[in-house]
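Trainee: Please give me a close look at the charged pairs here, and then follow the chain from them into the helices and the nonpolar interior.

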Amino acid sequence: MMDHLRHLKDEDVLLLLNDLLEQYGYDFTDYSFASVKRRLQRVYIADRFPSFAEFRYRVKTDPAYLVHLMEQITVNVTEMFRDPGFFRELRRQVLPVLATYPLIRIWHAGCSSGEEAYSMAILLHEMNLLHKSIIYATDINESVLETARKGIFPLQYMQQYSQNYLASGGQQEFSRYYAANYEYAKFSDMLREKIIFAAHNLVTDRSFNEFQLIICRNVLIYFNKDLQDKVLHLFSDSLEQLGFLALGAKETLRFTTVAPLFKPVAQKEKIWRKITT
């Protein structure tokens, strides 16, 4: 059948989202509808379902296919030291403050396959802070967390990651942080043992600790305004007084209900500091 005849209708998408909520507890109702529809549409065509009814049946009855679908809906494209200027500001303005704490707790929310969490561990190591730090890296997607826990990434990406690292103020040879093995790079246990990867759903789960730094980059753009506000309140509640919050390049606290609780630290790099509760 021609692809243009296999477009999902809005009511199809709503049915599917309701199935995911009622049967599995995954709540996408406050996500950006256009974004979720686009991702579902891509899966529907790529997996060559002859009808929406068969697509829906597969989602409801095949647990393995559900995992595949969740990967496609929640995947967050990332890379190590993505946006090097952001990591430069962490080095310059945030980590020297965190250095004054006896124990540093950092939450990477929506960590995807873990590249930014490993980047943070490298940063902490180079500032001699890794020994007293714990990085909690969470995502809704169990499959990408499995990748993250292994710390194994395609070797072909290392050249780009190395360039990002150096542009972010990296002080060593990037290759000292991983062992190359055929087509893969395995990151050092020294980094991995300081990162706790765990499933956490920003939409439905509560705060689980108090942190001095929360990083959630390029996740909120998929949420509508109500859900963004809800998640930002979760972050505010999870930050210690004077803790730092970092968002993605297209995200902001402006016009949100938590804006009065924060002051900008690095406006361009989207880093704020909590000034009140």
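Mentor: A salt bridge is taken to be a side-chain nitrogen of Lys or Arg within 4 Å of a carboxyl oxygen of Asp or Glu. This is a predicted model, in which local features need pLDDT of at least 70 and side-chain atom pairs count only at pLDDT 80 or more, while totals for chains, interfaces and linings use all residues. Residues are numbered from 1 along each chain as its sequence is written, and side-chain values use heavy atoms, with hydrogens and water left out.

Over the whole structure, 12 salt bridges are found. One of them joins Asp-189 to Lys-186, where the closest N and O atoms are 3.9 Å apart. Three accessibility classes are used: buried means under 20% relative accessible area, exposed over 50%, and partly exposed in between, with a 1.4 Å probe and protein chains only. Asp-189 is partly exposed at 45%, and Lys-186 is partly exposed at 36%.

Glu-89 pairs with Arg-92 in a salt bridge whose closest N and O atoms are 3.2 Å apart. Helices (H or I, at least four residues) and strands (E, at least two) are DSSP runs, numbered from the N terminus. Glu-89 and Arg-92 are 3 residues apart in helix H5, which means about one helical turn separates them. An α-helix has 3.6 residues a turn, so residues three or four places apart point the same way. Glu-89 is nevertheless buried, at 16% relative accessible area, whereas Arg-92 is exposed, at 56%.

A third pair, Asp-83 and Arg-217, has its closest N and O atoms 2.6 Å apart. Asp-83 sits in the loop between H4 and helix H5 (84–98), and Arg-217 in the loop between strand E7 (211–216) and helix H10 (225–238), so this pair ties together parts 134 residues apart in sequence. Asp-83 is partly exposed, with a relative accessible area of 31%, while Arg-217 is buried at 6%. Together with Glu-116, Asp-83 and Arg-217 form a network of salt bridges.

Helix H4, on one side of the loop that holds Asp-83, comes next. The expected span of a helix is 1.5 Å times one less than its number of residues. For the 12 residues of H4 (63–74) that gives 16 Å, and the end C-alpha atoms are indeed 16 Å apart. At the start of H4, a side-chain oxygen of Asp-62 comes within 3.0 Å of the backbone nitrogen of Ala-64; a polar contact is a pair of N or O atoms within 3.5 Å, where within protein one must be able to donate a hydrogen and the other to accept it, and residues adjacent in sequence count only if both atoms are side-chain atoms.

The buried residues of H4 are Tyr-65, Leu-66, Leu-69, Met-70, Ile-73 and Thr-74. They lie on the same side of H4, because their arc around the axis is only 150 degrees; the arc is that of the directions from the helix axis to the C-beta atoms. Their cover includes helix H1 (10–24), helix H2 (33–46) and helix H3 (52–61), where contact means heavy atoms within 4.5 Å.

That leads to the interior. A nonpolar core is a set of buried Ala, Val, Leu, Ile, Met, Phe, Trp, Tyr and Cys residues joined through side-chain atoms within 4.5 Å. The largest core has 45 residues, and those with the most contacts inside it are Leu-40, Phe-55, Trp-107, Leu-202, Phe-235 and Leu-245. At least two of its residues come from each of H1, H2, H3, H4, strand E1 (104–109), E7, H10 and strand E8 (239–247). Leaving out residues up to four places away in sequence, Leu-245 touches Ile-214, Leu-232, Phe-235, Leu-239, Leu-253, Phe-262, Lys-270, Ile-271 and Trp-272. Another core lies apart from this one, with 43 residues that include Phe-86, Phe-87, Leu-98 and Ala-266.

H5, the helix of the Glu-89 and Arg-92 pair, also serves as a packing partner for H8. In H8 (158–167), Met-158, Tyr-161, Asn-164 and Tyr-165 are buried. They span an arc of only 120 degrees around the axis, so they share the same side of H8. They pack against H5, helix H6 (115–126), strand E3 (152–154), strand E4 (178–181) and strand E5 (184–187). Gln-159 and Leu-166 are exposed on the face of H8 turned away from that buried side. Just after H8, Gly-169 has a positive phi of about 100 degrees.
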